[in-house]
Amino acid sequence: MKGVYVLVIFVNRSLNVRVCARKEFSLEAGFYAYVGSAQNCLERRLIRHFRKTGKRRFWHIDHLLAMDCVSVIKAFYKEAEKAEECRTAHSLSALGFPVEGFGCSDCKCRSHLFRFSSLSLLEDTCLKLGFKSFVLPCQ
């Protein structure tokens with residue numbers, strides 16, 4: 001399956017995350033939504049994001065998720081073409097606070113990571129955008 005996903009991330013304390021030699025992002029504690037896409041094997045990509053170890057840090061999100069004070073607590077997905085990734089980021093930017101330049105090095109979006117004032121607002125927004133809850137398969 002190919003599609004677009006939103007990771008629901010909890011950051012339990014303020015932090016700085018370095019994603020490459022020249023890019024560092026400051027994040028406040030709270031709930032975040034990260035928008036990504038997988039145009040092959042969507043389920044495998046989501047499972048990868050839930051894993052804490054055993055993966056190479058390739059994308060911006062990998063550097064953030066590797067930190068001890070950061071957890072993926074839920075994910076949403078929908079079958080869609082890659083263009084839906086930026087449309088979703090644009091929609092989330094209307095209700096969330098963008099982390100400027102995070103996760104959008106291959107497009108013209110302001111960000112693909114957004115801090116939300118509450119978990120319920122983030123979840124409701126994903127559902128209104130037509131996303132479904134991802135259920136992690138038993139390992």
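Here is a walk through this predicted model, from its sheet to its cores, its aromatic rings and its charged pairs.

Let's start with the sheet. Six strands come together in an open sheet, and if you step across it you meet them in the order 6-7-4-1-5-8, with antiparallel pairing. At the edges sit strand 6 and strand 8 (132-133), each of which pairs on one side only. Take a look at the strand 6 end: strand 6 and strand 7 are antiparallel partners, joined over 2 bridges. Here Pro98 stands opposite Phe114 in strand 7. Two helices pack on this sheet. Helix 1 touches strand 1, strand 4 and strand 5, and its direction makes about 170° with that of strand 5. Helix 3 touches strand 1, strand 4, strand 5 and strand 7, and its direction makes about 160° with that of strand 4.

Now for another bit of strand pairing. Strand 2 (residues 15-18) pairs with strand 3 in the antiparallel sense, over 4 bridges. The two are joined by a hairpin that runs through 5 residues. Within this pair, Val17 stands opposite Phe25 in strand 3. Strand 3 has two faces worth telling apart: Phe25 and Leu27 are on the covered one, while Glu24 and Ser26 are on the uncovered one.

Leu27 takes us neatly to the inside. The largest nonpolar core has 26 residues, and Leu7, Ile9, Leu27, Leu64, Phe102 and Leu113 are the ones with the most contacts inside it. Plenty of elements chip in: strand 1, strand 2, strand 3, strand 4, helix 1 (42-50), helix 2 (60-65) and strand 5 (70-79) each supply at least two residues of this core. What does Leu64 touch, leaving aside its neighbours within four places in sequence? Its contacts are Leu15, Val17, Leu27, Val70, Phe102 and Leu113. There is also another core lying apart from the 26-residue one, made of 14 residues, among them Phe76, Ala80, Ala89 and Phe114. That last name is familiar, as Phe114 is the residue that Pro98 stands opposite.

On to the aromatic rings. The whole structure has 6 aromatic pairs. One of them is Phe10 with Phe31: the ring centres are 5.0 Å apart and the planes are at 45°, so this pair counts as tilted. Phe10 belongs to strand 1 (residues 3-11) and Phe31 to strand 4 (residues 30-38), so the pair links distant parts of the chain, 21 residues apart. Both rings' residues are partly exposed, Phe10 at 31% relative accessibility and Phe31 at 22%.

Then there's Phe25 with Phe102, an edge-to-face pair with 5.1 Å from centre to centre and 70° between the planes. This one also links distant parts of the chain: Phe25 sits in strand 3 (residues 24-27), and Phe102 is in the loop between strand 6 (97-98) and strand 7 (113-116), 77 residues apart. How accessible is Phe102, buried or exposed? Phe102 counts as buried because its relative accessibility is 0%. Phe25 is buried too, with a relative accessible area of 8%. These two rings also have company, as Tyr5, Phe25, Tyr34 and Phe102 form one aromatic cluster.

Finally, the charged side chains. The structure holds 10 salt bridges. One of them joins Glu85 to Lys82, with the closest N and O atoms 2.7 Å apart. Glu85 is buried at 7% relative accessible area, whereas Lys82 is partly exposed at 38%.

Another joins Arg87 to Glu84, where the closest N and O atoms are 3.0 Å apart. Both lie in helix 3 (residues 83-93), 3 residues apart, or about one turn of the helix. Arg87 is partly exposed at 49% relative accessibility, and Glu84 is buried at 15%. The pair is part of something wider: Lys78, Glu84 and Arg87 are linked in a network of salt bridges.

One more salt bridge brings us back to the loop that holds Phe102. There, the side chains of Arg110 and Glu100 meet at 2.4 Å, N to O. Both residues lie in the loop between strand 6 and strand 7, so their salt bridge ties together parts that are 10 residues apart in sequence. Arg110 counts as exposed, at 51% relative accessibility, while Glu100 is partly exposed, at 47%.

Methods
Residues are numbered from 1 along each chain as its sequence is written. This is a predicted model: local features need pLDDT of at least 70, side-chain atom pairs count only at pLDDT 80 or more; totals for chains, interfaces and linings use all residues. Side-chain values use heavy atoms; hydrogens and water are left out. Rings of Phe, Tyr and Trp (its six-membered ring) pair if their centres lie within 6.5 Å; planes under 30 degrees apart count as stacked, over 60 as edge-to-face and the rest as tilted. Buried means under 20% relative accessible area, exposed over 50%, partly exposed in between (1.4 Å probe, protein chains only). A salt bridge is a side-chain nitrogen of Lys or Arg within 4 Å of a carboxyl oxygen of Asp or Glu. Two strands pair if DSSP finds at least two bridges between them. A nonpolar core is a set of buried Ala, Val, Leu, Ile, Met, Phe, Trp, Tyr and Cys residues joined through side-chain atoms within 4.5 Å. Contact means heavy atoms within 4.5 Å. Axes are lines fitted to C-alpha atoms, for helices over the stretch in contact, and angles run from 0 to 180 degrees between N-to-C directions.
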